[in-house]
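Here is a small set of exercises to work through with the structure open beside you. Try each task before reading its solution.

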Amino acid sequence: MSTFAGTLAGLAGAPSLVRAASLRGFYEVRDFGARGDGKTIDSGAINKAIEAAARGGGGTVVVSPGDYKCFSIRLKDNITLMLSAGATIIAANPDVDGAHYDLPEGIFEEQLASHGQSHYRNSLIYGIGLSNIAIVGTGRIHGLGLDRENPEPRWHGIPGWVSPKDQGLDPQTARLKDPEERRYEGRAGKSIGLKECHNVVLRDFSILQGGHFSVYALGCSNMTIDGLMIDTDRDGIDIDCCRDVRVSNCIVNAPKDDAIVLKSSGALNRSVVCEEVSVVNCKTSGYLLGTMLDGTYVPSPYVSPDKLGVLGRIKLGTDSVGGFRNILISDCICENSRGLQLGAIDGGVLEDVTFSNISLRNPVNHPFFLRLSVRNRAPVGAGVAQVRRVRFSDINVSGALGAFPCGIVGVEDGIIEDVSIGNVHIVNSGGGSAEDAARVPPERRNSSLEPSFMGVLPAHGLYVRHARNITVRNSSFEVTAPDARPALYFDDVTGAKVSSLSVPGQAVKSVNSRDIQVS
C-alpha cells in the first residue's frame, strides 16, 4: 500500500514524532475494517487496531487518508495514533448516527468544575491513567458532532445546592436528577481528553471546530504539545493541574473562548498545583471560525456576554484551587483577541510566572491584567489566594483601546506582591476624560477573573490597586488622542519604583499609597 509505505518512511525519517510510544509494530486501521468513507462509523475498527497494538506491547496505529466518522476512540498505554496527511477523524453526531459516546467517569459528591472539565470518557479521543501515548501526523480532527456547551459546576457556592449525601443519594444518582446532566449522557464535548496521563506527545495535526474543548489535559505530566493548528469556537488548549508541559509552535484561533489556558481546578477532587509549564512561540487570535485554517482571516462578529467582542487569548487562572508555580509564556503573538489575563481567584498560590517577548496587535480589552479575588470555587475553607513574583517583560502592544489599560488588582486582604514590568511598550487610542480620571472603580471581592465589571479605569497605561512592591522600568505608554488620565495610577499600593518611563502628560498619580518612587 503506497500510502502506508509513505507513512512508514515519514516516521522513519522523524522518529522524534513518536518518541512517547513504542515502534514495535504498525497497525493500519483499514486492516481492521475501517472504511474512511465519511459515512461508516469507524471508531469500532480504530479501537480494534488500538487493542491489537496494545496486546503486542504497543505500537503505531495508522489512520490512512480518508474521512473516518467516529464515536469514542480509546487510547491505551504505549500507543501512537498517526493521522496521515489527508486523514480526517470526524466526530459523529449522536442525534443522527445511531450510537453514543462513552459515558462519563469521575462522579464526586461535589463537582467543583464544569461537566466538561470533570469527565473524559465522553470525548472523541481519550486516555485515562495512561503512559507513553502520542497523537501525531498532519491529518485533521473535525469535531462536527461535538457539543459546545455543558452543565455548570455543582458546588456549595451555588444557592440552593444540596449535597448528594444530604439528599440520601449516591453522587451518580444525584447528578442525573439534573435534566441538563441527563441531556448530555452519551454526548461528547472534547476532541481530545487526557486525564492523569504521563509521557504524552501531541504533534503537527489540526483541529477544526473542536467542541467545548479541543484539547483538555487534566493531571498529566511530561507532556509535549507542538505544532498544532486549532481553529475552533470554544477553548483551544487547556492545561489543568498538570506538571512539566511544553506547548510550542501552535496556532490557535478561538473567537468565542480562550485559545490557550492554564487552570488548577478541583476536577480531580483534590488540590493540585499546575506547575513547570511553558507556552513558547505560539500565536492566538479571534477570527471567524474556520478562517484561520483556510487562510482568509475574516473578522468575527461575535460579541461576548460583557459586550467587548471576541476572546481568543492566552489566560492563566480560570480556576485556581491548587495554584500555579514556575510558568513561562514567551515569544508569542496575540492578534485580534483579548489581552493576556492571569490571576488566582479560588485560593491557592500563584507565584513565579513570567510573560516575555509578547506581541499583541489590536487587543479588544486590557493588554494584560493580573487579578486576585475570592470567588473560591474550591473546598470549604480555601481562604484567600496569594499572588507574588510575576514578571512582564519585552511586551509590545499596538492598536489598544483607551478604555482598557493594563491592570494589577487585588483585594484588601489579598495583596498582590512583587510584580515587575520592564520594556513594555503600549500604544492605545487614548481619549480619556477628566471624569474618567476621577472615577473610583468598584470593588468586587468575589468576582471571577474577568475585570469587565470595573468599567473605564482612571489611568491610560497601568492601574494598580491593593498591591505591594511594584516595579515599572524602561517602558512607554503612548496615546493617539489626548487623554486626561495619568499614565499610572496607584491605589492602596505599598512600595513602587517607576523609572525610565515615557508617557504624555501626567506620569503617576497615587492615593492611599506610600513609598512610591518616581525617577
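Contact here means heavy atoms within 4.5 Å. The model is predicted, so please treat every value below as computed from that prediction.

**Exercise 1. Describe the surroundings of arginine 465.**

Solution. Start with the place of arginine 465, which is in strand S31. Next, take its accessibility: buried means under 20% relative accessible area, and arginine 465 has 3%, so it counts as buried. Now list the contacts, leaving aside neighbours within four places in sequence: Ile408, Val409, Gly410, Pro441, Pro442, Glu443, Met454, Asp491 and Asp492. Finally, turn to polar contacts: the side chain of arginine 465 makes one with the side chain of tyrosine 463, at 3.3 Å.

**Exercise 2. Classify the aromatic pair of tyrosine 463 and tyrosine 489, and the pair of phenylalanine 368 and phenylalanine 392.**

Solution. A search of the whole structure finds eight aromatic pairs. A pair of aromatic rings is described by the distance of the centres and the angle of the planes.

- Phenylalanine 368 and phenylalanine 392 are 4.0 Å apart, centre to centre, with 15° between the planes. Planes under 30 degrees apart count as stacked, so this pair is stacked.
- Phenylalanine 368 lies in strand S27 (residues 368–372) and phenylalanine 392 in strand S28 (residues 386–400), so the pair ties together parts that are 24 residues apart in sequence. Both phenylalanine 368 and phenylalanine 392 are buried.
- Tyrosine 463 and tyrosine 489 have their centres 5.6 Å apart and their planes at 45°, and this pair is tilted.
- The tyrosine pair links distant parts of the chain, with tyrosine 463 in strand S31 (residues 462–479) and tyrosine 489 in strand S32 (residues 488–502), 26 residues apart.
- Tyrosine 463 has a relative accessible area of 0%, so it is buried. Tyrosine 489, at 7%, counts as buried too.

**Exercise 3. Check the length of helix H2 and find what its buried residues pack against.**

Solution. Helix H2 covers residues 43–55, which makes 13 residues. The expected span is 1.5 Å times one less than the number of residues, so H2 should span 18 Å. Its end C-alpha atoms are 18 Å apart, which agrees.

For the packing, begin with the buried residues of H2: Ser43, Ala45, Ile46, Asn47, Ala49, Ile50, Ala52 and Ala53. An α-helix has 3.6 residues a turn, so residues three or four places apart point the same way. The partners of the buried residues are strands S1 (26–28), S2 (37–41), S3 (59–63), S4 (66–70), S5 (73–74) and S6 (79–83). Just after H2, glycine 57 takes a positive phi of about 95°.

**Exercise 4. Which residues other than glycine have a positive phi, lysine 307 and asparagine 376 being the ones to examine, and are they buried or exposed?**

Solution. Most residues other than glycine have a negative phi, and most peptide bonds are trans. Lysine 307 has a positive phi of about 70°, and asparagine 376 one of about 60°. Lysine 307 is found in the loop between strand S22 (283–285) and strand S23 (314–320); at 66% relative accessibility it counts as exposed. Asparagine 376 is found in the loop between S27 and S28, and with a relative accessible area of 15% it is buried.

**Exercise 5. Compare the settings of serine 191 and arginine 270.**

Solution. Serine 191 lies in strand S11 (residues 190–195) and is buried, with a relative accessible area of 0%. A polar atom of its side chain lies 2.9 Å from the backbone oxygen of glycine 210. Beyond four places in sequence, serine 191 touches Leu124, Ile125, Ile141, Leu146, Ile207, Gly210, Phe213 and Ser214.

Arginine 270 is found in the loop between strand S20 (260–264) and strand S21 (274–280), and is partly exposed at 43%. Its contacts, neighbours within four places aside, are Glu196 and Ser265. With glutamate 196 there is a side-chain to side-chain polar contact of 3.1 Å.

**Exercise 6. Locate the largest nonpolar core.**

Solution. The largest nonpolar core has 108 residues. Those with the most contacts inside it are Ile125, Leu194, Leu202, Ile239, Ile395, Ile408 and Ile470. Apart from it lies another core, of nine residues, among them Ala113, Phe213, Tyr216 and Val272.

Key. Residues are numbered from 1 along each chain as its sequence is written. This is a predicted model: local features need pLDDT of at least 70, side-chain atom pairs count only at pLDDT 80 or more; totals for chains, interfaces and linings use all residues. Side-chain values use heavy atoms; hydrogens and water are left out. A nonpolar core is a set of buried Ala, Val, Leu, Ile, Met, Phe, Trp, Tyr and Cys residues joined through side-chain atoms within 4.5 Å. Buried means under 20% relative accessible area, exposed over 50%, partly exposed in between (1.4 Å probe, protein chains only). Helices (H or I, at least four residues) and strands (E, at least two) are DSSP runs, numbered from the N terminus. Rings of Phe, Tyr and Trp (its six-membered ring) pair if their centres lie within 6.5 Å; planes under 30 degrees apart count as stacked, over 60 as edge-to-face and the rest as tilted. A polar contact is a pair of N or O atoms within 3.5 Å; within protein, one must be able to donate a hydrogen and the other to accept it, and residues adjacent in sequence count only if both atoms are side-chain atoms.
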